[in-house]
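These are my notes from a first reading of this entry. I set out to look up cysteine pairing, and then the packing of one helix pair.

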Amino acid sequence: MYNEIKDIKRIVIKVGTSTLTHQTGRLNIRRVESLVKVISDLKNMGKEIILVSSGAIGVGAGCMGMTERPREKVAKQAAAAVGQCELMNIYAKMFREYEHTVAQILLTKDVVEVPESKENAINTFMKLLEYGVIPIVNENDTISTKEAEFGDNDTLSAVVATLAEAGLLIILSDIDGVYDSNPKEHDDAKLIDIVENVDDIMDVAGGAGSSLGTGGMITKLEAAKIAGAKGIHTIIMNGSTPKHLYDITSGIPVGTLLKGDASK
C-alpha cells in the first residue's frame, strides 16, 4: 500500500497549533524551520504541496502580549488578524530561503457551499500549483460567523484536499496515530497501522465528549471520512519530527494510514 502512497504527487499537509508552538504558546521556531525545509525538499522532488496551517490566534495572542489564548470571540478574531499576518510573514521568509513562493488562502464554509465561489477557489488552487506556488490555507477566523465556520482545521484540510483533487492528506498531530484504545489511559494501547474503513474505528475516538475526542482524534477521523469519500488517503502522524514526512515518500509506513474509497 505504501508503495502506492509514495508515488502520489499532490499532497495536503495539515499542521496544528500544538505542533507549531511550545507549551508557552509561542512559536516553536526550530520545528517550523524543519517543517519548511522538508516541504521545500518535497517540492524539489516534484511533489505539489498545499499547507493547511493553524496557529494564527496563538501567534497573535503572543504578539499582543496576552498571557493566554483569548476566550472571547472578538478577542480571538483580533488575535487572528494579527497572528495570520505574522504567521504568513514567517512562512514567506522561511520558504524564500529555499527559493519557494507561498500564497495565502483564507476560507470560510460558505465559500465552498456556493457554486461560483467554490469554482473560484478550485481555479485558484489549480493555478497556484501550476505555477509551483505553495498555497498556505487557514480558516478566515477574523470575519467568519458561527454558521460559516468549518469548526476545526482538520475538517478544513479535508475540504481543501477534495477541492484541489489531492491524492493524500497528511494530518500532523501531537500523537503518533490512531490507537486501539486511549493511550493516555491504557498502557497497552497499540497503534493501528492501516484502517480499511474509518467507520469501523469511530468508537475508538470515544465521541466528542471524551478526552480523546474533544477537538482531537474525532475531528481527524471525520476529516479522513470526508477525504476518503473522494478516494483520498489520509495519514495521521506525529508532527514533532517533520523529517518523518520523508518516510512516506520513500514507502516507509508511518503513523496510521486511513484508506480512501471513492466507491462508498
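Entry one, disulfides. I searched the model, which is a predicted one, for cysteine sulfur atoms within 2.5 Å of each other. The search returned zero disulfides.

I then looked up cysteine 63, which takes part in no disulfide; its nearest cysteine sulfur belongs to cysteine 85 and is 8.9 Å away. I also recorded how far the chain covers cysteine 63: the residue is partly exposed, at a relative accessible area of 43%.

Why does cysteine 85 form no bond with cysteine 63? I noted that the closest cysteine sulfur to that of cysteine 85 is the one in cysteine 63, and that 8.9 Å is too far for a bond because a disulfide requires the two sulfur atoms to lie within 2.5 Å. Cysteine 85 has a relative accessible area of 56% and therefore counts as exposed, the limit being over 50%.

Entry two, a helix pair. I turned to helix α8, residues 153-163, and helix α9, residues 217-228, whose axes come within 8 Å and cross at roughly 15°. I entered α8 as roughly parallel to α9, because the angle falls under 35 degrees. I recorded the crossing of α8 past α9 as right-handed.

Which residues make the contact? On the α8 side I listed Asp154, Thr155, Ala158 and Thr162. On the α9 side I listed Thr219, Lys220, Ala223, Ile226 and Ala227. Sorting the residues of this contact by character, I found four nonpolar, three polar and two charged.

Technical notes. Residues numbered from 1 in each chain as written. Predicted model: local features only at pLDDT ≥ 70, side-chain atom pairs only at ≥ 80, totals over all residues. Heavy atoms only, no water. Buried < 20%, exposed > 50% of the residue type's maximum accessible area, 1.4 Å probe, protein only. Axes fitted to C-alpha atoms, helices over the stretch in contact; angles between N-to-C directions. Helix = DSSP H or I, 4+ residues; strand = E, 2+ residues; numbered from the N terminus. Parallel < 35°, antiparallel > 145°, perpendicular 65-115°, else oblique. Left-handed = near helix turned anticlockwise from the far one by under 90°. Contact = heavy atoms within 4.5 Å. Nonpolar A, V, L, I, M, F, W, Y, C, P; charged D, E, K, R; others polar.
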